[in-house]
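Let's look at a chain together and ask how each label is earned. Have the structure open while you read.

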Amino acid sequence: MIRLPKLRFWNSWDDRQKTNAVRWTGALIALFALFTLLAMVSFIFTWKQDQSLLRDPAMMDQAVGVANLGGKLGLKWANTLIVKWFGLGSFAFLILLFAMAVRLLAGRWQRSLLKTTLVTLSGALIAALVCAFIGRLTGVQTLFGAGPGGECGSHVTGWFINLFGSAVTGILLCILVVGWLILCS
């Protein structure tokens, strides 16, 4: 049996202090969600301008500016989400951050946070696969540096196309999307 560490400081607080701590945490998560949204939207429009800074040691140089509205940290964070992870599907993570912030700020959420997390993560992955597949069909597989599905979507979709061909991969993705929509409803 796994034993979690006791939070002695939490047990010593009264209800008002606990409520304030939970609300402050929710506000910080909401601010992080806004920062993530700003950085990701900005990245979509400025990724070509800032691309050279990602590998350049001048990233820490104060004299070097970035076009991303989230600054250098926003550039790195958006690059991780959009290029390295799930491409445009990474916008699904904003739903999860928003759900956590609302739950902490309001004290309630209509859905289970576990279900919201599972739907969000699976939705991000499926969106990455679909975006990567569409990117390959339309010839924009180098958009954002790794394609609209990010490296994750590009690798998995490339593997599917190599094994099954484009037509069967398209059919499998349609079945996957329909199945996901049915399970989420």
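Q: Why is G170 called buried or exposed?
A: Buried means under 20% relative accessible area, exposed means over 50%, and partly exposed lies in between (1.4 Å probe, protein chains only). G170 has 15% relative accessibility, so G170 counts as buried. G170 lies in helix α7, and its C-alpha is 15 Å from that of W180, 10 residues apart in sequence.

Q: What kind of model is this, and how are its residues numbered and its values taken?
A: This is a predicted model, in which local features need pLDDT of at least 70 and side-chain atom pairs count only at pLDDT 80 or more, while totals for chains, interfaces and linings use all residues. Residues are numbered from 1 along each chain as its sequence is written, and side-chain values use heavy atoms, with hydrogens and water left out.

Q: What is the mean pLDDT of the chain?
A: pLDDT is the predictor's confidence in each residue, from 0 to 100. The chain has a mean of 87, and 93% of its residues reach 70 or more. Among the elements, helix α7 (residues 166-184) has the highest mean, 95, and helix α1 (residues 8-12) the lowest, 73. Where pLDDT is low, the predicted coordinates should not be read in detail.

Q: How many helices and strands are there in the chain?
A: Helices (H or I, at least four residues) and strands (E, at least two) are DSSP runs, numbered from the N terminus. The chain has 7 helices and 0 strands, which gives the pattern α-α-α-α-α-α-α along the sequence.

Q: Why is I82 called buried or exposed?
A: I82 has 0% relative accessibility, so I82 counts as buried. This residue lies in helix α3. Contact means heavy atoms within 4.5 Å; leaving aside neighbours within four places in sequence, I82 is in contact with M40, F43, I44, G87, S90, F144 and G150. K18, 64 residues apart from I82 along the chain, has its C-alpha 36 Å from that of I82.

Q: What makes G87 buried or exposed?
A: The relative accessibility of G87 is 0%, so G87 counts as buried. G87 sits in the loop between α3 and α4 (92-106). Beyond its neighbours within four places in sequence, G87 is in contact with L81, I82, P148, G149 and G150.

Q: How many of the 185 residues, as a percentage, count as buried?
A: Of the 185 residues of the chain, 33% count as buried.

Q: What makes the pair E151 and K84 a salt bridge?
A: A salt bridge is a side-chain nitrogen of Lys or Arg within 4 Å of a carboxyl oxygen of Asp or Glu. The side chains of E151 and K84 have an N to O distance of 3.8 Å, so the pair is a salt bridge. The two residues are 67 residues apart and link distant parts of the chain: E151 is in helix α6 (residues 150-164) and K84 in helix α3 (residues 71-85). By this rule the count is 1 salt bridge.

Q: Are the two partners buried, partly exposed or exposed, and why?
A: E151 has 28% relative accessibility, so E151 counts as partly exposed. K84 has a relative accessible area of 43%, so K84 is partly exposed.
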